[in-house]
Amino acid sequence: MAFERACAAADVPADTAVAVTVGSAEVAVARDGETFYALEDLCSHAAVALSEGEVADCRIECWLHGSEFDLRTGEPSGLPATEPVATFPVEVRGDDVYVDVSTTLNGVRPSG
């Protein structure tokens, strides 16, 4: 695995997400409680940044059309999105969040 530093853990307050670039990938690093997740920062329904949506109950909402995606699996929970987004491995090392964009946890190929 090729983990790269994505951001400081403090940059992602609980129940929010931030947009980061890891390598050439645009990633949303989300924090649900004390757990961090990383997923492609692009709704599978429209070209909208998921990092701008709300995080709750291990889901992130696309702010434009309301589809929610599971932070663990990338699966949408309802329309209009029908396709999952890529999810990536995350490690917290000390005060920093690292993401590996060379592989996906759910087998979904990033669109970028």
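This is a short tour of strands, cores and cysteines in a predicted model.

Residues are numbered from 1 along each chain as its sequence is written. In this predicted model, local features need pLDDT of at least 70 and side-chain atom pairs pLDDT 80 or more, while totals for chains, interfaces and linings use all residues, and side-chain values use heavy atoms, without hydrogens and water.

**Strand 3.** Select 25-32. Strands here are DSSP runs (E, at least two residues), numbered from the N terminus. Seven of its eight residues are buried (under 20% relative accessible area, 1.4 Å probe, protein chains only).

**Its partners.** Add strand 2, 16-22. Seven bridges join strand 2 to strand 3, antiparallel (pairing takes at least two DSSP bridges). Find Val-22 opposite Ala-25. In the hairpin between these strands, Gly-23 has a positive phi near 60°. Now add strand 4, 35-40. Six bridges tie strand 4 to strand 3, again antiparallel. Arg-31 has Phe-36 as its bridge partner. In that turn, Gly-33 has a positive phi of about 70°.

**The largest core.** Select Val-97, one of the residues touching the most other members of this 17-residue nonpolar core. Such a core is a set of buried Ala, Val, Leu, Ile, Met, Phe, Trp, Tyr and Cys residues joined through side-chain atoms within 4.5 Å. Val-97 touches, among others, Cys-7, Val-29 and Phe-36 (heavy atoms within 4.5 Å).

**The cysteines.** How many disulfides does the structure hold? Zero (a disulfide needs sulfur atoms within 2.5 Å). Select Cys-62: its sulfur is 3.8 Å from that of Cys-43, too far for a bond. Finish at Cys-58, whose closest cysteine sulfur, in Cys-7, is 17 Å away.

Technical notes. Buried < 20%, exposed > 50% of the residue type's maximum accessible area, 1.4 Å probe, protein only. Helix = DSSP H or I, 4+ residues; strand = E, 2+ residues; numbered from the N terminus. Lists of a residue's contacts leave out its neighbours within four places in sequence.
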